[in-house]
Amino acid sequence: MGEKAAYSRVLLKISGEALAGEEGFGIDPVIIKGIARQIFEVVTDTGVEMAIVVGGGNIFRGVAGSAKGMDRGTADYMGMLATVINALALQDAIEKLGLETRVQSAIEMRQVAEPYIRRRAIRHLEKGRVVIFAAGTGNPFFSTDTTAALRAAEISADAILMAKNVDGVYDSDPADNPDAVKYKELAYIDVLSRSLRVMDSTAVSLCMDNNIPLIVFGVKEEGNIKKAILGEEIGTFVR
Ligand code: UDP
């Protein structure tokens, strides 16, 4: 354990899309191994306590299902189950490297994962285990960004790290506008008032009300998770 982390406990949010390859769907084995390696390295090098919330957008999104005529609640439960698939894949990839993990699911499925129990999750973190929170909040009409904000508040995380496909927050979509400018720092209130697409507004409000800082950065560049945890200037810092 050599390097000094800027935070003692973090919540890492990995969007489902960040696990997908070029096709934007499913789980790319090379990408998930790369993310697992980054997690392994930063936890073993710094001793940071790490909890993870993983999304499901690479498999299924509730809004997409409801747009095609499905009942929104049912579609959202499918989305939550998709996050469980990602959580198990991530658990496998991290444990292959020799780091202990636990998956806790907000929807009970005891054969697959522990149920979500806040105090137990904190105990796992104190013992150096990586805790992966699956099945979102367990409620339809919410997102895994809101889950990240909620769980971060519940476990008293010092910061949320948002691992994305894009390397920060821009004033417009960099995919459409080549002149889009990346913000280095932002206030939560400006994210809300300018409707910047960082997280959904429920998640932003939760972070703002609970004073949890957020670092948005690109995860595909090897080493970025560590840079964020060491407090290096990376992506966009929101507070
Ligand atoms: N979801 C939900 N409640 C939650 C979290 C997630 O209903 O508390 C559903 C919702 O349908 C969402 C899907 O799970 O579309 C996958 O999560 P999300 O879209 O947040 O994943 P990401 O965009 O991070 O990949």
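Welcome to this structure, a predicted model. A good place to start is a meeting of two helices: D145, T146, A148, A149, L150 and A153 in α5 touch T202, A203, L206 and C207 in α7. Sorted by type, the residues of this contact comprise seven nonpolar, two polar and one charged. From there, we can look at how the pair is arranged, then turn to the ligand and to the sites listed in UniProt.

**How α5 and α7 pack**
- The angle between α5 and helix α7 (residues 201-209) is about 20°, and their axes lie 7 Å apart.
- Because angles under 35 degrees count as roughly parallel, α5 is roughly parallel to α7.
- The crossing of α5 and α7 is left-handed.

**Around the ligand**
- The ligand has 23 residues around it, and those that come nearest are G55, G57, G62, G79 and G136.
- Two or more residues of this shell come from each of α2 (62-67), α3 (72-96) and α5 (144-154).
- With five residues, α3 gives the most to the shell around the ligand.
- By type, the shell around the ligand has 14 polar residues, five nonpolar and four charged.

**Sites from the UniProt record**
- An unreviewed UniProt entry places the feature "binding site" at K13, I14, S15, G16, G57, R61, N165, Y170 and D173.
- These positions do not all gather at one spot, because they span 161 residues in sequence and the farthest two C-alpha atoms are 23.7 Å apart.
- One of the listed positions, I14, lies in strand β1 (residues 9-14).
- G57 is also in this UniProt list, and G57 is among the residues that come nearest to the ligand.

Terms used: Residues numbered from 1 in each chain as written. Predicted model: local features only at pLDDT ≥ 70, side-chain atom pairs only at ≥ 80, totals over all residues. Near = placed C-beta within 6 Å. Helix = DSSP H or I, 4+ residues; strand = E, 2+ residues; numbered from the N terminus. Nonpolar A, V, L, I, M, F, W, Y, C, P; charged D, E, K, R; others polar. Axes fitted to C-alpha atoms, helices over the stretch in contact; angles between N-to-C directions. Parallel < 35°, antiparallel > 145°, perpendicular 65-115°, else oblique. Left-handed = near helix turned anticlockwise from the far one by under 90°. Contact = placed C-beta atoms within 7 Å. UniProt positions renumbered as here; feature names shortened; annotations may be inferred.
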